[in-house]
Amino acid sequence: MKKVIIITGGSDGLGKTLTESLSKENDVIILATSEEKLINVANNNGCNYKVCDVSNYFLVEKCINEIIEKFGKIDVLINNAGLWIQEELDNNDSERINSVVDVNLLGVINCTKAVIPVMKQNKNGLIININSQAGINHKAERVVYNATKWGVTGFSKSLADEVAKYGIRVSNVMPGMMKTDMFNKMNIQKNMINGIDTKEVARLIQFIIDTPSDVMIPEVGIKNINN
């Protein structure tokens, strides 16, 4: 049976790869802020899309309600949207700090809050938070980024305890550096030779989705052995 799967940040990077792999056998709805990119990915994969800023709860709630109205359920939420920031804290632009916190942490909370009621009603659901190794490690010049990812780690662990009684599972997935355009978008030159191919992370996500509903994978990391 087809699952209804929402992927935030679905217009590029890992989100795009997940869309390509999961749309073949499921009803996938991708969320992002760029309609042009969303249309391109949706047309290439035969999936649905919604223009949505995950940092705005009212927009998120509207999108989720429209999806529920069309499909009647939400089986899987993949919180994948994320932004990068680095440099020493006092050199970080305050507006960029706000954006990163709002998307990386508040966006996860917003989307999760919006899908929980229908998952409770159906006594079934899977929430996959695409976190990072930065959610368990610390590093200079990454203080804001790591703070958001540590926040997602705490959120995931606490949420898993909270919603298990409703038949809802939560997985905190922590990849190492992936081969995406995240650094290029910030004009940062980085050697990506040891980055993880997004297809490998997508395979892990597929495994989590295919795992029986009475089995929970609360936390899993994935990284290149040469990192």
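Which residues does M119 touch, not counting residues up to four places away in sequence? In this predicted model, M119 touches I74, D75, V76, L77, N124, G125, L126, I127, Y166 and I168. Two of these partners, I74 and I127, share a further property with M119: within the largest nonpolar core, which has 30 residues, I74, M119 and I127 touch the most other members. The elements that give two or more residues to this core are the strands β1 (4-8), β2 (27-32) and β6, together with the helices α3 (57-71), α4 (94-122) and α5 (143-163). Helix α4 gives the most, with eight residues. A second core, separate from the largest one, has 29 residues, among them I30, I130, I208 and I222.

I208 also belongs to helix α6, where it is one of the buried residues. Helix α6 covers residues 198-210. Its 13 residues, at 1.5 Å a residue, should span 18 Å, and the end C-alpha atoms are 18 Å apart, which agrees with that expectation. The buried residues of α6 are T198, V201, A202, L204, I205, I208 and I209. These residues cover an arc of only 155° around the axis, and therefore lie on the same side of α6. An α-helix has 3.6 residues a turn, so residues three or four places apart point the same way. The exposed residues K199, R203, F207 and D210 are carried on the face of α6 that is turned away from the buried side.

The buried residues of α6 pack against helix α1 (13-22) and against the strands β1, β4 (76-79), β5 (125-130), β6 and β7 (219-222). At the N-terminal end, α6 is capped by D197, with a side-chain oxygen 2.8 Å from the backbone nitrogen of K199.

Strand β6, one of the elements packed against by α6, spans residues 168-175 and contains S171. S171 has a relative accessible area of 1%; because buried means under 20%, this residue counts as buried. When neighbours within four places in sequence are left aside, S171 is in contact with L126, I127, I128, N129, I208, I217 and P218. One of these contacts, I208, is a buried residue of α6, and another, I127, is a member of the largest nonpolar core. The side chain of S171 also reaches the backbone oxygen of I217, at 2.5 Å. S171 and M216 are 45 residues apart in sequence, yet their C-alpha atoms are 7.5 Å apart in space.

Technical notes. Residues numbered from 1 in each chain as written. Predicted model: local features only at pLDDT ≥ 70, side-chain atom pairs only at ≥ 80, totals over all residues. Heavy atoms only, no water. Helix = DSSP H or I, 4+ residues; strand = E, 2+ residues; numbered from the N terminus. Buried < 20%, exposed > 50% of the residue type's maximum accessible area, 1.4 Å probe, protein only. Contact = heavy atoms within 4.5 Å. Polar contact = N/O pair within 3.5 Å; in protein donor to acceptor, adjacent residues only side chain to side chain. Core = buried A, V, L, I, M, F, W, Y, C linked by side-chain atoms within 4.5 Å. Expected span 1.5 Å × (residues − 1). Arc of directions from axis to C-beta.
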